[in-house]
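Me: I've got a protein model open and I'm a bit lost in it. Could you pick one part, look at it closely, and then walk me outward from there?

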Amino acid sequence: MDTGILILRLLVGLLVAAHGVQKVSRHLGGRGLEGGTEEFRADGFRGGVLTALAAGGGQIGSGLLLAVGFLTPLAATGAIGVMTVALTVKWHNGLWVQNDGYEYPLVLIVTAAALAATGPGAWSLDAVLGLTPYPLWWAALVLAAGVGSGLLTRLVLHRPAPSAPTPAHGER
């Protein structure tokens, strides 16, 4: 079981971190901080560079913590938070990724929550430092805090779509 959890942690953690690297640099196919800023603005978010840095930094930090299995509940909360924001951006496209849907962020959210529920396994920094096992109720707290922080981020930083101009009196 520990081998499976290690593989899952490494895969998900490194993918989340790589997404963050793409937001703030030209590595791993990223378009640099300018590209990350442009992406957030195109998705309707305020904040520009600061938003891209916060999102990229959050993804890098939570992804790396998840990969090495250190402070796993905190790492899972961060990953769930940033992926919840991504899910809200893609929600209007439906579930499937081939339609730019939210399938991929959903998989990462559920996987991070599952890792919070199972714990990071024996081959983790948490285990080496004697921080495990985490109580199962942490998983519910992690999921609630992660989804809540993602939705709050969306609420605070997302600009409403511009409304259509209303016709002048007598026009149709």
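Reply: Sure, let's start with Q59. If you skip its neighbours within four places in sequence, Q59 is in contact with V16, A17, H19, G20, K23, V82 and M83. Keep in mind that this is a predicted model, so treat what follows as a description of a prediction.

Q59 itself belongs to helix α3, which covers residues 49–68. Is Q59 buried or exposed? Its relative accessible area is 4%, and because the cut-off for buried is under 20%, Q59 counts as buried. Now take M83, one of the residues that Q59 contacts. Along the chain, Q59 and M83 are 24 residues apart, and their C-alpha atoms are separated by 8.7 Å.

Several of the contacts of Q59, including V16, A17, G20 and K23, also turn up among the buried residues of α1. So let's go to that helix next. The buried residues of α1 are I5, R9, V12, G13, V16, A17, G20 and K23. What covers them? The cover includes α2, α3, α4 and α5. As for its length, α1 has 23 residues and reaches 33 Å from first C-alpha to last, close to the 33 Å expected at 1.5 Å a residue.

K23 deserves a stop of its own. K23 makes a salt bridge with E39, with the closest N and O atoms 3.7 Å apart. This pair links distant parts of the chain: K23 sits in helix α1 (residues 2–24) and E39 in helix α2 (residues 32–42), 16 residues apart. The two partners have their own surroundings: K23 is buried, at 11% relative accessible area, while E39 is partly exposed, at 33%.

How many salt bridges are there in the whole structure? A search finds 4. Another one joins the side chains of E34 and R26, at 3.4 Å from N to O. Here E34 is exposed at 54% relative accessibility, and R26 is exposed as well, with a relative accessible area of 60%. A further salt bridge joins D100 and K90, with 2.6 Å between N and O. D100 lies in the loop between α4 (72–90) and α5 (103–118), and K90 is in helix α4, so the pair ties together parts that are 10 residues apart in sequence. D100 is partly exposed at 43%, and K90 is partly exposed at 23%.

Since we've reached α4, have a look at how it packs against α7. The two helices meet at an angle of about 40°, with their axes 7 Å apart. That makes α4 oblique to α7, and the crossing is right-handed. On the α4 side, the residues involved include P73, A76, T77, I80 and G81, and they are part of a set that meets α7 residues, among them W138, V142, L143, A145 and G146.

One last stop in α7: A139, in the helix made of residues 137–157. A139 is buried, with a relative accessible area of 13%. Leaving aside its neighbours within four places in sequence, A139 touches A113, A116 and A117. And how does A139 relate to D100, which we met in the salt bridge with K90? The C-alpha atoms of A139 and D100 are separated by 29 Å, and the two are 39 residues apart along the chain.

Conventions: Residues are numbered from 1 along each chain as its sequence is written. This is a predicted model: local features need pLDDT of at least 70, side-chain atom pairs count only at pLDDT 80 or more; totals for chains, interfaces and linings use all residues. Side-chain values use heavy atoms; hydrogens and water are left out. Helices (H or I, at least four residues) and strands (E, at least two) are DSSP runs, numbered from the N terminus. Buried means under 20% relative accessible area, exposed over 50%, partly exposed in between (1.4 Å probe, protein chains only). Contact means heavy atoms within 4.5 Å. The expected span of a helix is 1.5 Å times one less than its number of residues. Axes are lines fitted to C-alpha atoms, for helices over the stretch in contact, and angles run from 0 to 180 degrees between N-to-C directions. Angles under 35 degrees count as roughly parallel, over 145 as roughly antiparallel, 65 to 115 as roughly perpendicular and the rest as oblique. A crossing is left-handed if the near helix is turned anticlockwise from the far one by less than a right angle, and right-handed if clockwise.
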